[in-house]
There are 2 protein chains.
Amino acid sequence: MSDTRSRLLTAAADALRDDGVAGISARVIAARAGVNQALVFYHFGTVSELVAAATRDAVDARLELYRNDFAQVESLPELLHLGRALHEREREVGNVRMMAQLMAGAQQDAALATAGRYAMQAWSDEVEAVLRRVLAPSPIAVIADPAGLARAVSASFIGIQLYDGVDAAGAGAGLDALEQLGVLVEVVDELGPIARRALLAKVRKQRRRAKSDSAV
Amino acid sequence: MSDTRSRLLTAAADALRDDGVAGISARVIAARAGVNQALVFYHFGTVSELVAAATRDAVDARLELYRNDFAQVESLPELLHLGRALHEREREVGNVRMMAQLMAGAQQDAALATAGRYAMQAWSDEVEAVLRRVLAPSPIAVIADPAGLARAVSASFIGIQLYDGVDAAGAGAGLDALEQLGVLVEVVDELGPIARRALLAKVRKQRRRAKSDSAV
DNA sequence: GTCTATAAGATGATAGAC
DNA sequence: GTCTATCATCTTATAGAC
């Protein structure tokens with residue numbers, strides 16, 4: 001890949017992270033890359049397409065970096081611990097911050113929307129694989145949908161990152177609370193047979209209720 | 001309050017919701033309000049200040065509208081149900097969509113940051129009050145920090161709303177998963193005394209671990 | 001592939017008429 | 001308070017020299 005092309009890609013990702021969707025432009029990116037502004041359009045057609053390609057690459061690179069860590073997770077507490085560590089590291093590197101800006105821009109821009117969908121999919125799939133493995137031996141597997149849960153977790157990360165940008169203390173308290181709640185899942189994991197049966201009965205009841213709700 | 005002022009305020013909130021932070025400008029807002037562009041600066045000084053004031057008002061109005069619903073919640077399943085209904089209604093009205101754009105812009109703009117902090121605080125406080133009431137009789141009260149949990153929930157809502165904008169099916173699956181997970185909490189609520197003691201022991205263990213982690 | 005130059009328009013913000 | 005007119009500056013995007 002040409003030097004200029006890759007310089008523009010990393011510059012675009014950096015600019016999105018630091019200046020936000022509202023502050024991004026061909027000139028800002030080009031200045032960061034140390035190249036001429038016209039090259040944005042020569043190589044990528046539009047600013048949106050450049051940003052979309054840049055975030056795509058950045059997400060791929062980041063996930064590659066974490067793949068090993070994800071693979072080594074064997075239990076839910078370990079997963080929660082990894083989530084916390086990931087948040088801390090990402091706060092410095094700014095990848096989630098970049099994704100949050102991508103998602104915000106994606107609401108009104110078709111090219112960014114495609115990139116945003118890709119990014120969420122990539123992260124969610126990774127988390128889903130871990131959840132599927134970790135929850136398999138647990139009775140929680142009966143009620144938890146790994147795919148949905150992974151998507152909820154990924155989306156929540158974006159929200160918490162945005163919150164972190166305006167109130168770090170508040171966002172920290174939120175993460176702490178979620179981590180503490182993980183204990184709850186552990187406890188259910190070690191439930192006796194009677195309680196386990198009660199759990200299953202409740203799940204079935206809730207399922208029926210949800211079904212009749214959607215029918216109305 | 002003058003007619004023009006209030007027209008600008010609602011127009012600013014609408015523009016933020018529909019056009020996003022990246023698409024907002026004094027001219028766009030003024031056109032929506034049907035007034036001259038110069039009045040933005042006469043009444044509010046800067047565009048950011050106008051947007052900040054507009055979101056502040058919108059959040060106050062929305063919370064006022066939901067106050068009754070919040071007050072009537074008596075159990076966790078009811079709270080989860082309200083959360084789902086709120087998400088559906090807000091998807092149409094677009095208040096959370098507006099807040100998501102506010103939070104994205106708040107990362108780089110001081111005036112928007114203040115407004116974002118206020119908005120998150122207002123929603124979190126409301127949710128916190130309900131959580132405190134609902135969780136009080138439950139053994140979960142021991143592990144759950146209502147303030148932190150409320151903040152996590154509010155932030156997650158923002159993230160899921162952004163996700164909803166690029167992949168409605170994925171966001172829906174995420175919400176479904178969270179709702180199903182609520183069953184877990186219900187089960188713990190009806191735990192026997194032995195299991196309850198096991199829960200408390202685990203919590204204490206986790207607390208110690210967290211403390212030693214932060215010491216390192 | 002990279003540059004300069006430039007078009008055609010949008011932006012925040014202000015001065016001054018009314 | 002509201003308007004017109006205007007500023008300097010920014011934007012995307014293209015044409016054409018090198």
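Me: How is a polar contact to be read in this structure?

Reply: A polar contact is a pair of N or O atoms within 3.5 Å; within protein, one atom must be able to donate a hydrogen and the other to accept it, and residues adjacent in sequence count only if both atoms are side-chain atoms. The model is predicted: local features need pLDDT of at least 70, side-chain atom pairs count only at pLDDT 80 or more, and totals for chains, interfaces and linings use all residues. Residues are numbered from 1 along each chain as its sequence is written, chains are lettered from A and ligands numbered from 1 in the order in which they are written, and side-chain values use heavy atoms, with hydrogens and water left out. As a case, a polar backbone atom of A26(B) is 3.0 Å from a phosphate oxygen of DNA strand C.

Me: Which part of DNA strand C lies 3.0 Å from a polar side-chain atom of S25(B), and which part lies 2.9 Å from the side chain of Q37(B)?

Reply: For S25(B), the partner is a phosphate oxygen of DNA strand C. For Q37(B), an N or O atom of the side chain is paired with a base nitrogen.

Me: Which residues come nearest to DNA strand C?

Reply: A residue is near a strand if one of its heavy atoms lies within 4 Å of it. There are 15 residues around DNA strand C, and T4(A), N36(A), L39(A), H43(A) and F41(B) come nearest. Of the atoms of DNA strand C within 4 Å of the protein, sugar and phosphate make up 55%.

Me: Which element gives the most to the surface near DNA strand C?

Reply: Helices (H or I, at least four residues) and strands (E, at least two) are DSSP runs, numbered from the N terminus. The element is α3(A), with four residues. At least two residues each come from α3 (38–44) of chain A and from α2 (26–33) and α3 (38–44) of chain B.

Me: What contacts does DNA strand D have?

Reply: A phosphate oxygen of DNA strand D lies 2.6 Å from a polar side-chain atom of T4(B), and another such pair, at 3.0 Å, involves an N or O atom in the side chain of N36(B). From chain A, a backbone N or O atom of A26(A) is 3.1 Å from a phosphate oxygen of this strand. The largest share of the surface near DNA strand D, four residues, is supplied by α3(B).

Me: How is the size of an interface expressed?

Reply: It is often given as the accessible area lost when the parts come together. Here buried area is the accessible area (1.4 Å probe) that two parts lose on being put together, summed over both. Chain A and chain B bury about 4,900 Å² between them, with 68% of it on carbon and sulfur atoms. The contact (heavy atoms within 4.5 Å) takes 58 residues from chain A and 58 residues from chain B.

Me: How many salt bridges and how many polar residue pairs cross the interface of chain A and chain B?

Reply: A salt bridge is a side-chain nitrogen of Lys or Arg within 4 Å of a carboxyl oxygen of Asp or Glu. The rule finds zero salt bridges across this interface, whereas seven residue pairs are in polar contact, both residues at pLDDT 80 or more.

Me: How are the two chains related?

Reply: Two copies of a chain are related by a rotation about an axis and a shift along it. Superposition is by least squares on the C-alpha atoms of residues with pLDDT of at least 70 in both copies. A turn of 180 degrees and a shift of 0.0 Å along the axis lay chain A on chain B with an RMSD of 0.0 Å. That is the relation of a two-fold axis. Moreover, 100% of the interface residues of chain A are also interface residues in chain B, so the copies meet through the same surface.
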